[in-house]
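Please read the following walk through a protein chain and its ligands with the coordinates open beside the text. The account moves from the whole chain to individual sites.

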Amino acid sequence: MNNLLEFHGPNAGYALELYDRYLQDPQSVDAETRAVFESGIVPPSAPPPPPAFGAKVAPVPAPATAAADAGPPSDVVLNKAVAAARLARIIRELGHLNARLDPLGSDPPGDPSLELATHNLTVADLEALPASVIGGPSAQGAKNAAEAMERLRRVYSGSIGYEDDHIQVAEERAWLREAVESERFFKGVTANDKRAVLMRLTEVDTFEQFLQNTQPFQGQKRFSIEGSDVMVPVLDTIIRCAAESGTCEVVMGMAHRGRLNVLSHVLGKPYDQMLAEFHNPNSPEEKPAVAGTGSLGYSGDVKYHKGYRRSYTNNGECEMPITLAPNPSHLEFVNPAVVGRARAAQEKRDKQGGPEQDIKASLAILIHGDAAFPGQGIVAETLNLSQLKGYTVGGTIHIIANNQVGFTTDPSDSRSTLYASDLAKGFEIPILHVNGDDPLACLAAARMACAYHQKFGKDFLIDLIGYRRLGHNETDEPRFTQPLLYAKVDRHPRPREVWAAQLEKEGVVTRAEADAMVQEVRDRLMAARQTALAVPTPAPSSPAHEASSDGGMVPDEPASRAEAAAVPAETLRELNASLYSFPEGFQPSSKLVRLFVEPRRGALEDPETRRVEWAHAESLAFASLLTEGTPIRLTGQDSERGTFTQRHLVFHDTETGNAYTPLQNLPQAKATFAVYNSPLSEQATVGFEYGYSIHATETLVLWEAQFGDFVNGAQVILDQFVVSGNAKWQQTPSLVLLLPHGYEGQGPEHSSGRVERFLQSCAGDNMIVANCTTAAQYYHLLRRQGAQLQSNPRPLIVMTPKSLLRHPRAASSLRELTEGTFQSVIDDVRATPERNAGVTRLLLCSGKVYVDLVYGPAPKFEERAEYASSDRVAVGRVEELYPFPTDAITALLASYPALREVAWVQEEPQNMGAWTFVAPRLSALLPEGVTLRYEGRAEAASPAEGKISAHEREQNRLVRSSYADALAPQPVGGAYTNGAAPATGRNGGGSDVRAARATKSKTTQREVTTHAD
Ligand SMILES: Cc1ncc(C[n+]2csc(CCOP(=O)(O)OP(=O)(O)O)c2C)c(N)n1
Ligand SMILES: [Mg+2]
């Protein structure tokens, strides 16, 4: 602590800062320091309170140089030194409030604490103090504190405003302060570099002006970059730094603004291809929505949402793919998908264990809007992923393309914070605000972002402040709503002009050279226009270039599904033994061993008894896929244990707390297994897994909702990515969503995975929706998904059970696992030709309601009397709702020759569940004279009852009603009444549906199976 007395030494600034803090709050310094000050070593008199802001303060006479004074400093000198050190600290923290950040010249907000007078200081006072009072690189070589302070102001309040005080790690703060004050990222810029920036800005600007003024592109929406032009050289710089540091892949996400410019210049999409899309927007990707309907359908996307991929070569030394991910109009929702994709690119998954991550393998760059960044919650959700072990990518570089307006909305109406970037402070992300008219400052910011990212593996944010030269799009008139802003914009020269004038002044280029650059770019664009106009329809984009894995279109009809090979009983038994054994000395909870591990160890002994429960079947499916070389990644809230304490994929030692994951230790595994408890988010986490599955096409990626209801928190990701990503962008997602679903009286928010939402979005074989009833079916479904990852990838949406997880009637036997495959439809287990001949009513259902229809309550779960005694009724299950199993259902119907009615039974309200989806499809398949009706809850606004008693009443009613009054068989030779069966009115508001008079389909027994359970 002695160096506290060395007010002229290298620690002077620090010591004085401590003293200043001590004076303001003795508890704010550590005890040792406090003891020194309290001991009287430092004079105890407090400095006078600061004068009011703006008040003139007479300079205090000071000794010629404090440094020359050999004796102890006087109170006055000490107080001045403390005040100077305090001001230096405040400049470091708040200098950004005085920075000249707005290219349009508005004054910075400033802050009184940045003024000399506030600290009772004058320039003369500072001149009398040594530079070391200020400390840091700014003090080096400065003749006194005044000069050092001036340098500090120039650095912290120039074209860049730095915010790093919110960072809690001292080492990072010190690195940032040194980087800022040494100005090292500004150094080494040559005249050639400056000319290169001018050339780049010329390309950026000329491209926009060409589109604005040249037929036939004029007047078309392009969301021009103008005003934020420097974003392109900033991206160039980041990409170059990434390549130089050995990054293997860059993944970028951005919205509409400036996207065409970035596609052309950063991604290298050829001008003629871009212009052709303007010239003829009817993309050849269009295909009929449903074959044979004559509808043109809609596939593909507008040009400013499309992705692109290029291979970046830096001086022939390194090849690095750069991907701009396609994105929907929904601002910021692409963020987690980009980060998920980057994570997938960082992981090696081809051997046993957990994935091996190399954060250098990819870099994620996200470009945000200044209104969207603070406004859209998905931004915060994505930032929250950045340091989590299941999600980190070693930092993302963020750029806010801050054009000071959002559509027609001013910042004061779109955020509650001073800066657009303030949200990032909560995540301890360093923030640089930079004036977009100062390219050198912008490029220095980019270099600093890369260096920080490489050193600390964390996010960094550049708030790139420009303006928007035109309206929201090129046909909008911004002067209606922002007349004053646009008066400034109109007077303001274009970024290229600003930079050209600067370089002319510096003698780096002549006016003629600058003009020649413009002409050269114009010539290139004119030549590209010729090419684009000569081709009447643009050629299909090459799959190698589009940001998709295969570029192929989805057939309208379901492609034949590859089935997984059967896994022999012995293999499953071996895997089971590995799943439920622990390393030497590992002590899992004894309760868990008793209730969970031991029953599972013995569950495969007898091949016929049904002892394999749902989550056990899941573990066996995972284990078997790993042995076949399919990596697996499972995430979700509390997914390691499972919401319903059913899964336990990770065990914890009761002594040490250490975790052990058997699936990462299977001796037979040839691929990695990852399971992570996710943060409490739906949209960012599903978006992340979408992106992961797009890149890691060989991996079974599963996301689980805590309860299925919560999946609607991810609705934008579902609608904009999962459901339509293939149709719009030819992406091939294969994500599995596990959505706990089922009516068990737990109330409106714990019952429904909203299967109706998915079914409504099904078309063109875009996904698979399943709601199965046995552990073996789930096992086979997962294994089939694994087998199809490469050949026929599709998202798989599974309504997973809650009460069936341990229900003995949903458990399966070893034989059911080893034999057979996934069945899209399961016939009544009692079906025989003799019994079927007397069946007049077929109940069809999907998922858990089947168990309610057939079995009574715990503890015996015996067959219900209605079921057991109902000779006229059969109960079939539709286990896969989409693709709708038309053939299997046709065959099922045909196997009941006396059928008079089909009832669709569901536990969801009539406006929910599968009813509205299956009704027209079933109607079209009904044999002549067979009617279709609905059994279930009436239409409702809320998915389920709040009271358990009401739930039970409804559930019992719909079960009883399903069996009641089954019609007698028609006399042999009797005529069917062609759908004239009377409405029963028994279903609490449900309506009967007249059967569509379908032509009797030819029937086969294919896929219709009897599943003994
Ligand atoms: C989630 C979402 N809500 C609304 C919109 C409609 N919209 C398109 S652009 C825009 C303004 C965006 O402002 P900003 O983030 O500042 O980006 P800029 O257009 O200024 O580049 C809005 C509201 C949208 N695209 N996405
Ligand atoms: Mg904006």
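What follows begins with the chain as a whole, turns to the two ligands, and ends with selected residues and backbone features.

The model is a predicted one, and its values should be read with that in mind. The chain holds 33 helices and 26 strands, and of its 1013 residues 59% count as buried. Among contacts between residues with a separation of 6 or more, 80% are made by residues 24 or more positions apart. The surface that the chain exposes amounts to about 38600 Å², with carbon and sulfur atoms supplying 53% of this area.

Ligand 1 offers a place to begin looking at individual sites. Around ligand 1 there are 15 residues, of which Arg257, Ser329, Asp370, Ala372 and Val405 come nearest. By residue type, the shell comprises 5 nonpolar, 8 polar and 2 charged residues. Both side-chain and backbone atoms of the protein approach the polar atoms of this ligand: an N or O atom in the side chain of arginine 257 is 2.9 Å from an oxygen atom of ligand 1, while a polar backbone atom of serine 329 is 2.9 Å from a nitrogen atom of ligand 1. A polar backbone atom of alanine 371 is also found 3.0 Å from an oxygen atom of ligand 1. Taken on its own, ligand 1 has 580 Å² of accessible area, and the protein covers 75% of it.

Two of the residues that come nearest to ligand 1, Asp370 and Val405, return in the description of the second ligand. Which protein atoms serve as donors of the magnesium ion (ligand 2)? They are Asp370 (OD), Asn403 (OD1) and Val405 (O), lying 2.0 Å from the ion. The spacing of these donor residues in sequence is D-x32-N-x1-V. Aspartate 370 and asparagine 403 link distant parts of the chain, being 33 residues apart, with aspartate 370 in the loop between β7 (362–369) and α12 (372–375) and asparagine 403 in the loop between β8 (396–402) and α14 (411–414). Because its relative accessibility is 4%, under the 20% limit, aspartate 370 counts as buried, and asparagine 403, at 5% relative accessibility, counts as buried too.

Helix α12, which follows the loop of aspartate 370, contains phenylalanine 373. Is phenylalanine 373 buried or exposed? With a relative accessibility of 0%, phenylalanine 373 counts as buried. Beyond its neighbours within four places in sequence, phenylalanine 373 is in contact with a set of residues including Glu332, His368, Val379, Leu383, Ile400, Ala420 and Leu461. The C-alpha atom of phenylalanine 373 is 9.4 Å from that of aspartate 422, although the two residues are 49 residues apart along the chain.

Further along the chain, glutamate 618 belongs to helix α21 (residues 614–627) and is buried, with a relative accessible area of 2%. What does the side chain of glutamate 618 meet in polar contacts? One such contact, of 2.6 Å, is with the side chain of arginine 647, and another, of 2.5 Å, is with the side chain of tyrosine 778. Leaving aside neighbours within four places in sequence, the contacts of glutamate 618 are Arg647, Leu738, Tyr778 and Leu782.

Serine 752 is placed in the loop between β16 (736–740) and α25 (755–760), where it counts as buried at 1% relative accessibility. A polar atom of the serine 752 side chain lies 2.9 Å from the backbone nitrogen of arginine 754. Not counting residues up to four places away in sequence, serine 752 touches Gly708, Asp709, His741, Tyr743 and Pro943.

The backbone itself deserves a last look. Most residues other than glycine have a negative phi, and most peptide bonds are trans. Aspartate 765, in the loop between α25 and β17 (768–770), has a positive phi near 55° and is buried, with a relative accessible area of 1%. Asparagine 120, in the loop between α3 (75–94) and α4 (123–127), likewise has a positive phi, near 60°. The peptide bond from glutamine 215 to proline 216 is cis, with omega near 5°, and proline 216 sits in the loop between α7 (191–213) and α8 (231–244). A cis peptide bond also leads from tyrosine 882 to proline 883, with omega near -10°, and proline 883 is in the loop between β22 (880–882) and α31 (886–894).

Technical notes: Residues are numbered from 1 along each chain as its sequence is written. Chains are lettered from A and ligands numbered from 1 in the order in which they are written. This is a predicted model: local features need pLDDT of at least 70, side-chain atom pairs count only at pLDDT 80 or more; totals for chains, interfaces and linings use all residues. Side-chain values use heavy atoms; hydrogens and water are left out. Helices (H or I, at least four residues) and strands (E, at least two) are DSSP runs, numbered from the N terminus. Buried means under 20% relative accessible area, exposed over 50%, partly exposed in between (1.4 Å probe, protein chains only). Contact means heavy atoms within 4.5 Å. Accessible areas come from the Shrake-Rupley method with a 1.4 Å probe; for residues, only the protein chains shown count as cover. A residue is near a molecule or strand if one of its heavy atoms lies within 4 Å of it. A polar contact is a pair of N or O atoms within 3.5 Å; within protein, one must be able to donate a hydrogen and the other to accept it, and residues adjacent in sequence count only if both atoms are side-chain atoms. Ala, Val, Leu, Ile, Met, Phe, Trp, Tyr, Cys and Pro count as nonpolar, Asp, Glu, Lys and Arg as charged, and the others, Gly among them, as polar. Donors are N, O and S atoms within 2.8 Å of the metal (3.2 Å for Na, K and Ca); water is not among the atoms, so sites may look incomplete.
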